[in-house]
Every structure is written in C-alpha cells, then in structure tokens.
Amino acid sequence: MLCRAALRSLLCAHLDCANAQLSFGAAEGGKPFALVDGRPVDVGFNVSHSGRHGLIAVAPTGRVGIDLEEHVTRGDFDRLIEAVFGPDEQADLAAVAGDDRIRLFYRLWTLKEAVAKALGTGLSFDVSHFQIPEAIRSGESRGVLWIPQISEARWQLTAIDDRGFAAALAQEISGTSH
C-alpha cells in the first residue's frame with residue numbers, strides 16, 4: 001500500500017497533475033499505465049517489493065521494469081535454474097557455491113524479471129529464451145540487452161546488489177535499431 005501511495009505521489013509530481021486527476025489502466029498483458037483526466041500519458045513506471053523493501057522506477061519515455069528480491073535460500077533453486085536460465089547462465093551458476101550462488105541466482109533472476117515486466121508480459125514470456133550479458137553475469141553493474149526474436153528494442157540493464165537483496169532495472173533505450 002505504501003508503494004502505491006509513493007507511486008501516485010511521484011507520478012503526480014512528474015506529470016504536474018493533482019492526485020484526483022491520476023488514474024490507471026492496464027494493457028493486454030496486465031501492465032498498468034497512467035492516465036491524466038482519462039487520457040493515457042507517455043510515462044513508464046514499475047513497482048516491485050519484497051519483504052520490507054520496495055522500489056519504484058519512473059521513466060519519462062519508453063518502457064521500464066524493476067524487480068526486487070530478498071536473498072532467501074530456496075529448496076527449488078536447481079529446478080528454477082534449469083527452467084529460467086540459458087546454458088551460459090547455468091554454467092556460471094554451477095561454477096559458484098554457497099552465498100555466491102545465491103547472490104548470482106538473484107542477480108540473474110531480478111534482471112530477467114525486470115525485462116519481462118518492462119515488456120509487459122510478466123513471466124508469461126519464457127525468459128530462458130534470452131541470456132543476461134556476460135559482463136553483468138561477471139560482476140559489472142550495467143549492460144545492454146537485445147532480444148531480436150521479440151523486439152527491435154534494446155534494454156539498458158542495471159543490477160543493484162546488496163548482501164541481503166538483489167534488484168534490477170530494465171529500461172528501453174531510444175534509437176533502438178541494432
């Protein structure tokens with residue numbers, strides 16, 4: 001509930017509108033969009049929360065997705081790794097153990113989820129069809145992703161990691177020809 005109130009406040013400030021003028025609709029895949037006085041506005045936004053943490057992304061143009069996950073040990077790591085990660089990502093995860101494996105898992109998971117949320121598909125899009133760029137898998141915080149089979153758009157990916165959580169931002173890059 002607090003994230004929604006913060007989102008409304010941020011969007012009203014960005015769009016220079018009163019709270020009563022702001023409403024929301026949903027696209028076919030369920031991704032919400034903003035309306036001011038009943039008219040769609042060109043602003044991208046996304047919200048994610050996990051545990052007591054929350055993040056909001058607002059982009060003046062283009063699509064944006066954000067994801068946040070607390071690091072928790074899961075019994076289904078191996079099944080998830082096989083289902084959602086490509087061969088290079090699986091190899092990277094197999095090469096590390098313990099806390100390093102948990103951190104890498106959540107880094108990759110949040111990046112993929114942020115892209116899916118930016119696309120507006122959620123996890124109905126099979127995220128195993130693309131792999132996170134090697135530089136980000138190796139520790140860089142930023143990189144560019146292009147998924148030619150679904151879109152001409154390129155995505156600026158940003159990983160935001162901490163010892164207790166992973167977060168990621170995917171923002172559509174303008175001038176998307178590859």
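**Salt bridges and a domain interface in a predicted model**

Biologist: Which residue forms a salt bridge with Asp-161?
Modeller: This is a predicted model. The closest N and O atoms of the pair are 2.5 Å apart. The cut-off for a salt bridge is 4 Å, so the pair qualifies. The partner of Asp-161 is Arg-107.

Biologist: How many residues apart in sequence are the parts that this pair ties together?
Modeller: Asp-161 lies in strand S8, residues 154-161. Arg-107 lies in helix H4, so the pair ties together parts whose separation in sequence is 54 residues.

Biologist: Is Arg-107 buried or exposed?
Modeller: Its partner Asp-161 is partly exposed, with a relative accessible area of 37%. Buried means under 20%. Arg-107 has 9% relative accessibility, so it counts as buried.

Biologist: Which residue forms a salt bridge with Asp-100?
Modeller: The closest N and O atoms are 2.7 Å apart. The two residues are three apart in helix H4 (residues 98-119), which means a separation of about one helical turn. Asp-100 is partly exposed at 45% relative accessibility, and its partner is partly exposed at 24%. That partner is Arg-103.

Biologist: Which residue meets Arg-63 in a salt bridge?
Modeller: The N to O distance is 3.1 Å. Arg-63 lies in the loop between S5 and strand S6 (64-70), and the partner lies in strand S9 (residues 165-173), so parts 109 residues apart in sequence are tied together. Arg-63 is partly exposed at 28%, and the partner is partly exposed at 22%. The partner is Glu-172.

Biologist: What is the count of salt bridges by this rule?
Modeller: The pairs include Arg-63 with Glu-172. Asp-100 with Arg-103 is also among them. By this rule the count is seven.

Biologist: What is the count of salt bridges between domain 1 and domain 2?
Modeller: The domain assignment gives domain 1 as 2-59 and domain 2 as 66-174. Their centres, taken over C-alpha atoms, are separated by 24 Å. The contact takes 15 residues from domain 1 and 11 from domain 2. Across this boundary the salt bridge count is zero.

Biologist: How many residue pairs are in polar contact across the interface of domain 1 and domain 2?
Modeller: Between these domains the area buried is about 1,000 Å². Carbon and sulfur atoms give 61% of that area. The polar contact rule finds residue pairs here too, and their number is seven.

Biologist: Which strand gives the largest share of the side of domain 1 that touches domain 2?
Modeller: By class, that side has five nonpolar, eight polar and two charged residues. Strands S4 (44-50) and S5 (53-59) each supply at least two residues. The largest share is six residues, and it comes from S5.

Biologist: Is Val-36 buried or exposed?
Modeller: Val-36 lies in strand S2, residues 32-36. Beyond four places in sequence, Val-36 touches Leu-15, Cys-17, Gln-21, Leu-22 and Val-41. With 13% relative accessibility, Val-36 counts as buried.

Biologist: What distance separates the C-alpha atoms of Ala-27 and Gly-120?
Modeller: Ala-27 sits in the loop between strand S1 (22-26) and S2. Ala-27 is partly exposed at 40% relative accessibility. Along the chain, Ala-27 and Gly-120 are 93 residues apart. The C-alpha separation is 7.8 Å.

Key
Residues are numbered from 1 along each chain as its sequence is written. This is a predicted model: local features need pLDDT of at least 70, side-chain atom pairs count only at pLDDT 80 or more; totals for chains, interfaces and linings use all residues. Side-chain values use heavy atoms; hydrogens and water are left out. Helices (H or I, at least four residues) and strands (E, at least two) are DSSP runs, numbered from the N terminus. Buried means under 20% relative accessible area, exposed over 50%, partly exposed in between (1.4 Å probe, protein chains only). Contact means heavy atoms within 4.5 Å. Domain bounds come from an automatic or database domain assignment. Buried area is the accessible area (1.4 Å probe) that two parts lose on being put together, summed over both. A salt bridge is a side-chain nitrogen of Lys or Arg within 4 Å of a carboxyl oxygen of Asp or Glu. A polar contact is a pair of N or O atoms within 3.5 Å; within protein, one must be able to donate a hydrogen and the other to accept it, and residues adjacent in sequence count only if both atoms are side-chain atoms. Ala, Val, Leu, Ile, Met, Phe, Trp, Tyr, Cys and Pro count as nonpolar, Asp, Glu, Lys and Arg as charged, and the others, Gly among them, as polar.
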